[in-house]
Amino acid sequence: MIIITKSSTTKELEGILELQKQNLKKDLTPEQIKEEGFVTVSHSLDDLEKMHRYEPNIIAKDGELVVAYVLAMTNESKNDIPRLVEMYESFDHIQYYDKSVSSYSYIVVGQVCVSQAYRGKGLFDQCYHAYKDYFKSKYDFAITEIASINLRSMNAHKRIGFKVIHTYTDNSAVEWNVVVWDWKR
């Protein structure tokens, strides 16, 4: 039986990392990238433990196996994981309803992933709704960045309620969409 819950143990964080490894863009074929989507960033256990000090992640488990996750990153996380600093600083320059994103209270979706064997069963939506239920009293919205070529992810996020508020191209010529799921409007 699949349960949706908050991450609470090192074993669960390790399960997130195992699922992440199976879906890293660098290890997938172009066909898999196009059809199945991908995750871009490879975290370490230390990264996840640091993030977890501030907020738990939402996970789906089938028995002891982590089969889906939505990572939670706070503004405090940026100081623990240097590669996040640039993204958080960009929020100072992105406007959302005539205010900079950084002026809001927000949670960053660090990454979302569903195991290939469990796709099409509604876990993406279930995990995201648990994420909203858990965080909506503390934060105005969830925000994340999605590569434009990751069509499966873009479409799934739009279906949930995320809206594109900014698009940019990074130094390696990858186009990114900054998307927000507003829980207050």
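## Tyr118 and its surroundings

In this predicted model, Tyr118 touches Ile2, Asp62, Leu65, Val67 and Leu123, residues up to four places away in sequence being left out of the list. Tyr118 belongs to the loop that runs between β6 and α5 (123–135). Although it sits in a loop, Tyr118 counts as buried because its relative accessibility is 15%, below the 20% limit for that class.

One of the residues in contact with Tyr118 is Leu65, and the strand β3 spans residues 65–73. The chain start is also represented, through Ile2. For Ile4, a C-alpha separation of 13 Å from Tyr118 is found, with the two positions 114 residues apart along the chain.

## Ser148, a second buried loop residue

Ser148 is located in the loop between β7 and α6 (151–160). The relative accessible area of Ser148 is 17%, so this residue is classed as buried.

Outside its neighbours within four places in sequence, Ser148 makes contact with Glu175, Trp176 and Asn177. The strand β9 covers residues 175–182, and β7, which precedes the loop of Ser148, covers residues 141–147.

## Nonpolar cores

How many residues does the largest nonpolar core have, and which of them have the most contacts inside it? This core has 29 residues, and Phe91 and Ile143 are the ones with the most contacts within it. Two or more residues are given to this core by each of α1 (10–22), α3 (45–52), β3 (65–73), α4 (85–90), β6 (106–114), β7 (141–147) and β9 (175–182).

Apart from neighbours within four places in sequence, the contacts of Ile143 are Phe91, Val101, Tyr106, Ile107, Val108, Val109, Ile165, Val178, Val179 and Val180. Separate from the largest core is a second one of 27 residues, with Ile58, Val109, Val114 and Tyr139 among them. Val109 therefore appears both in this second core and, according to the contact criterion of 4.5 Å between heavy atoms, among the contacts of Ile143.

## Backbone at Tyr97 and Asp98

Most residues other than glycine have a negative phi. Tyr97 has a positive phi of about 50° without being a glycine, and Asp98, likewise not a glycine, has a positive phi of about 65°.

Tyr97 lies in the loop between β4 (95–96) and β5 (99–100), and Asp98 is found in the loop between β4 and β5. Are these residues buried or exposed? Tyr97 is exposed, with a relative accessible area of 51%. Asp98 is also exposed, at a relative accessible area of 74%.

## Overall fold and surface

The protein comprises six helices and nine strands. Its radius of gyration is 15 Å, close to the 16 Å given by the globule rule for 185 residues, so the protein is as compact as a globular protein of that length. The C-alpha trace spans about 45 × 35 × 30 Å along the principal axes. Among contacts between residues at least 6 apart in sequence, 68% join residues at least 24 apart.

Of the 185 residues, 48% are buried. The protein exposes about 9,400 Å², and carbon and sulfur atoms supply 48% of that area. There are 23 positive and 26 negative side chains, and a distance of 5 Å separates the centres of the two sets.

How values were computed:
Residues are numbered from 1 along each chain as its sequence is written. This is a predicted model: local features need pLDDT of at least 70, side-chain atom pairs count only at pLDDT 80 or more; totals for chains, interfaces and linings use all residues. Side-chain values use heavy atoms; hydrogens and water are left out. Helices (H or I, at least four residues) and strands (E, at least two) are DSSP runs, numbered from the N terminus. The radius of gyration is taken over C-alpha atoms; the globule rule is 2.2 Å times the number of residues to the power 0.38. Buried means under 20% relative accessible area, exposed over 50%, partly exposed in between (1.4 Å probe, protein chains only). Accessible areas come from the Shrake-Rupley method with a 1.4 Å probe; for residues, only the protein chains shown count as cover. Lys and Arg count as positive and Asp and Glu as negative; His and the chain ends are not counted. The place of a charge is taken as NZ of Lys, CZ of Arg, CG of Asp or CD of Glu. A nonpolar core is a set of buried Ala, Val, Leu, Ile, Met, Phe, Trp, Tyr and Cys residues joined through side-chain atoms within 4.5 Å.
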